[in-house]
Amino acid sequence: MRTSRISKDTAKLLERAAASASPPRRTTRSSLARFAHHAASSGVNGTTNGAASQTPDIEDGVGPPPKKRRRGSDASLPAALAKPEPDEDEDDKLDAMAAAPSKGARRAPARARKPVRKVADPSTGEQTVAPPSDWEEMYNVVRKMRAPGGVAYGAAVDTMGCERLADRSASPRDQRLHSLIALMLSSQTKDTVTAVVMKKLQTELPAHKPGAPVGLNLDNVLAVDPNLLNQMIWAVGFHNNKTKYIKKAAEILRDEWNGDIPDTVEGLTSLPGVGPKMAYLCMSVAWNRTEGIGVDVHVHRITNMWGWNRTKSPEETRLALQSWLPRDRWREINGLLVGLGQSVCLPVGRRCGECDLGLQGLCKAAERKKVVEGRRMKREAIKEETVKVENGSAIVKTEAIVQGEVKVKKEEEEEEWEE
């Protein structure tokens, strides 16, 4: 009994000593928040406006448990203590959120931009589509990269695109047929393969009768055996289906279009195997008329990656781009972005370290590691091109290097991209 009483007394003394030695409580934002909450609900010393506080209803007094908040967050603070929100437009808020890289992201920071959005005319109330705020700057950078000497110049589309595969020695009608056939063959097929198959048809397609010219014309397409035609185009993707489409389309051209290709988008898309992309490109190439944007997988992929549109199909991309892109760019944009997609902005293994959009912070999807490495190599190249003055007292950089575009290609990365 005595031992237990002593142990109890000792425990009490230890508790008192620990309580007196504990450091004073530190005032934090959470404690201020609790104080402000209780002061606002019950008043000072339990009164409100000088009157005794009333007991609240059970639903008012018992609320849901407080949400956990991250350190530094103002979500649990009262309005008087929370940080004020900046006075900015809602579009700007969403833009900043989209531009800010997420935690762990490996993308290079892009300049803040206003995305495509609908705006209303204050006087009439009519709504129009406003383009991305920096679209023209990006467009001009791509133009420069695709020009001779640029990093994206010399793509396959520049020499073997469908618009370049018509035989210029043939009649205008046959040239229009060549453009249509080339577009039909190009689906799911590389430009290099399409060019080889087109050359084969233009030089080896049998004549429909003795003494007639050999090559690609409507009469020879109508007369050729489907099996032979299939063998001649076997290298392209889905050659079995394309053989059927070409033979059927040739019959429609003979019966309904007087042996020529249709001169309208509706007429072209009525042909088997011809979709909107082919029709708009064919109108530009064969008839020299710009009716719409030819959107293929490169245009669809790259414009979505840039944030110019949020679309799920090439046709949606076409409509989105046509809602704000100036009409004088409709014909050009296909070749620009296809070449960029074939040479720099590849579907797999994008060369962000060589792309001026990434190096200048214009592309929100650029990979940070590649951009940093590209900038470092560009600086090294500038140093290597410096010229020392004869007296050694000054170093002069050549004008070409100061202004411009240093193309650096690493053999190891080339091998990786080819794989």
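**Exercise 1: a loop arginine**

Leaving aside its neighbours within four places in sequence, which residues is Arg329 in contact with?

*Solution.* Step 1: set those close sequence neighbours aside and look for contacts (heavy atoms within 4.5 Å). You'll find Trp135, Glu136, Tyr139 and Arg143 touching Arg329.

A quick note before you go on: this is a predicted model, where local features need pLDDT of at least 70, side-chain atom pairs count only at pLDDT 80 or more, and totals for chains, interfaces and linings use all residues. Residues are numbered from 1 along each chain as its sequence is written, and side-chain values use heavy atoms, leaving out hydrogens and water.

Step 2: place the residue. Arg329 sits in the loop between helix H15 (314-322) and helix H16 (330-343). Helices here are DSSP runs of H or I with at least four residues, strands are E runs of at least two, and both are numbered from the N terminus.

Step 3: check how covered Arg329 is. Its relative accessibility is 11%, so Arg329 counts as buried (under 20% is buried, over 50% exposed, in between partly exposed; 1.4 Å probe, protein chains only).

**Exercise 2: the helix right after it**

How many of the 14 residues of H16 are buried, and what covers them?

*Solution.* Step 1: count. Ten of the 14 are buried, and that leaves H16 mostly covered.

Step 2: name them. You should get Trp330, Ile333, Asn334, Leu336, Leu337, Val338, Gly339, Leu340, Gly341 and Ser343.

Step 3: look around H16. The cover over its buried residues includes helix H5 (135-146), helix H6 (156-160), H13, helix H14 (297-306) and H15.

Step 4: zoom out to the whole chain. It has 20 helices and six strands, and 36% of its 419 residues count as buried.

**Exercise 3: two helix pairs**

At what angle do H7 and H13 pack, and at what angle do H14 and H15 cross?

*Solution.* Step 1: recall what you need. Two packed helices are described by the angle between their axes and the distance between the axes.

Step 2: take the H7 pair. Helix H7 (residues 172-186) packs on helix H13 (residues 276-286) at about 150 degrees, with the axes 10 Å apart. So H7 is roughly antiparallel to H13 (under 35 degrees is roughly parallel, over 145 roughly antiparallel, 65 to 115 roughly perpendicular, and the rest oblique).

Step 3: list who touches whom. H7 brings Arg176, Ser179, Leu180, Leu183, Met184 and Ser186, while H13 brings Lys277, Met278, Leu281, Cys282, Val285 and Ala286.

Step 4: do the other pair. The axes of H14 and H15 cross at roughly 60 degrees and come within 9 Å, so H14 is oblique to H15. Here Val299, His300, Thr303 and Asn304 of H14 meet Pro314, Thr317 and Leu321 of H15.

**Exercise 4: the largest nonpolar core**

Which residues of the largest nonpolar core touch the most other members?

*Solution.* Step 1: know what you're hunting for. A nonpolar core is a set of buried Ala, Val, Leu, Ile, Met, Phe, Trp, Tyr and Cys residues joined through side-chain atoms within 4.5 Å.

Step 2: pick out the best-connected ones. Among 39 members, they are Leu180, Ile181, Leu185, Leu201, Ile233, Ile246 and Leu268.

Step 3: find the contributors. H7, helix H8 (191-204), helix H9 (218-223), H10, helix H11 (239-256), helix H12 (265-269) and H13 each give two or more residues to this core. Another core, of 37 residues, lies apart from it, with Val151, Ile333, Leu337 and Cys345 among its members.

Step 4: try one residue. Leu185 belongs to H7 and has 0% relative accessibility, so it counts as buried. Not counting residues up to four places away in sequence, Leu185 touches Thr194, Val197, Met198, Leu201, Ile233, Val236, Lys242 and Ile246. Leu185 and Ile233 are 48 residues apart in sequence, yet their C-alpha atoms are 8.2 Å apart.

**Exercise 5: odd backbones in loops**

Are Gln188 and Phe238 buried or exposed?

*Solution.* Step 1: find Gln188 in the loop between H7 and H8. Its relative accessibility is 62%, so Gln188 is exposed.

Step 2: find Phe238 in the loop between H10 and H11. With a relative accessible area of 55%, Phe238 is exposed.

Step 3: check phi. Gln188 has a positive phi of about 55 degrees without being a glycine, and Phe238 also has a positive phi of about 55 degrees though not a glycine.

Technical notes. Axes are lines fitted to C-alpha atoms, for helices over the stretch in contact, and angles run from 0 to 180 degrees between N-to-C directions.
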